[in-house]
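Here's a quick walk through one protein chain, with an eye on its disulfides and one of its helices. Take a look at the structure first, then read on.

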Amino acid sequence: MQAAWLLGALMVPQLLGFSHGARGADREWEGVWGGAQEEEREREALMLKHLQEALGLPAGRGDENPEGTPEDKETWGTEEYGQGEEEEETTPTPTSSPSPSPTPEDAVTYILGRLAGLDAGLHQLHVRLHALDTRVVELTRGLRQLREAASDTRDAVEALQETQRRAEREHGRLEGCLKGLRLGHKCFLLSRDFEAQAAAQARCVARGGSLAQPADRQQMEALTRYLRGALAPYNWPVWLGVHDRRSEGLYLFENGQRVSFFAWHRTPRPEPGAGPSPAPHPLSPNQPNGGTLENCVAQASDDGSWWDHDCERRLYYVCEYPF
């Protein structure tokens, strides 16, 4: 009995040592295999990170900590060692399995999906740009047509305006010869509108004539009788088409011809044998007396004498029309 007890005491420690040695070898093999797997995961994570940087995509969840910190490695080793000891002592309790981390294949699939979405979006943009280009071409064509129509309308309006001007000139000529004084190949018509000399000339031209330009003494006397009968018993100055705006003292008609005779107002001379005449009235001096300040000629309606006036003064005017 004592011999059996002694034999058991000698064998049990050896058996226990062998068991512990086997478990140590197992743990050493597991450590080597786990290190190789960890290196493989680090290489895959690094390749995924480089691919995402090349494509310009944000980093995925799988490469948040690809290399791992020393504390994580130490904790992982401690957990493996602790699990080896807990297998002998207690039975592991079932726990809820955590969600698996994305693999490199999942990341590549995600990137390819995003690229396919971007390609579809670019295709839609190209379609919309093509539609916009087509619309711009249509609008450009329509704008060109509108410009052509506007040009045609402008030409038509200008033609109508020219026709209207011709009609107004013809109407003015007929009215001047029907209502005014016909004398040879001319007709004179008095206008009772007050205008400056240039504006009066423009009004006469618009109606097919010009300011009156008596070419000789006969026309001057006929015009005097016409104005006296139209404005009697009053005396009104009436614009003629005579001026010296180009050069002081050089009197021209509106058509540019030089005036060959004059009918300037003169103060009355005393008769022979009469007493000394009083001084001339300041309102009826000899004409012309305005110098460079009065460059346009008006005719008095009572006696037909010529007076020089400021060209901006607003007076009646008489137009002449060709017959």
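Is Cys187 buried or exposed? In this predicted model, Cys187 is buried, with a relative accessible area of 0%. That sits well under the 20% cut-off for calling a residue buried. Its bonding partner is Cys177, and the two sulfurs are 2.1 Å apart. Cys177 is buried too, with a relative accessible area of 15%.

So where does this pair sit along the chain? Cys177 belongs to helix α3 (residues 104-179), while Cys187 is in strand β2 (residues 186-195). The two are ten residues apart, and the pair links distant parts of the chain.

**The disulfides side by side**

The count of disulfides comes to three. Here they are with their distances and torsions.

| Pair | S to S distance | Torsion about the S-S bond |
|---|---|---|
| Cys177 and Cys187 | 2.1 Å | about 100° |
| Cys204 and Cys319 | 1.8 Å | about -70° |
| Cys296 and Cys311 | 1.9 Å | about 100° |

Why is the disulfide of Cys204 and Cys319 left-handed? Its torsion about the S-S bond is about -70°, so it counts as left-handed. This pair links distant parts of the chain: Cys204 in helix α4 (residues 197-206) and Cys319 in strand β8 (residues 315-322), 115 residues apart. Both Cys204 and Cys319 are buried.

For Cys296 and Cys311, the torsion is about 100°, so that disulfide is right-handed. Cys296 lies in strand β6 (residues 296-300), and Cys311 is in the loop between β7 (306-309) and β8, so the bond ties together parts 15 residues apart in sequence. Both of these cysteines, Cys296 and Cys311, are buried.

Count the bonded cysteines along the chain and the disulfides follow the pattern 1-2, 3-6, 4-5.

**A look at helix α5**

Now for the helix. Helix α5 covers residues 217-231, which makes 15 residues. From its first C-alpha to its last, α5 reaches 21 Å, close to the 21 Å expected at 1.5 Å a residue.

Which residues of α5 are buried? They are Gln219, Met220, Ala222, Leu223, Thr224, Tyr226, Leu227 and Leu231. What covers them includes the strands β1 (181-183), β2, β4 (237-243), β6, β7 and β8. Some of those names are familiar: β2 holds Cys187, β6 holds Cys296, and β8 holds Cys319.

One last detail is at the start of α5, where a side-chain oxygen of Asp216 comes within 3.3 Å of the backbone nitrogen of Gln218.

Technical notes
Residues numbered from 1 in each chain as written. Predicted model: local features only at pLDDT ≥ 70, side-chain atom pairs only at ≥ 80, totals over all residues. Heavy atoms only, no water. Disulfide = S-S within 2.5 Å. Helix = DSSP H or I, 4+ residues; strand = E, 2+ residues; numbered from the N terminus. Buried < 20%, exposed > 50% of the residue type's maximum accessible area, 1.4 Å probe, protein only. Expected span 1.5 Å × (residues − 1). Contact = heavy atoms within 4.5 Å. Polar contact = N/O pair within 3.5 Å; in protein donor to acceptor, adjacent residues only side chain to side chain.
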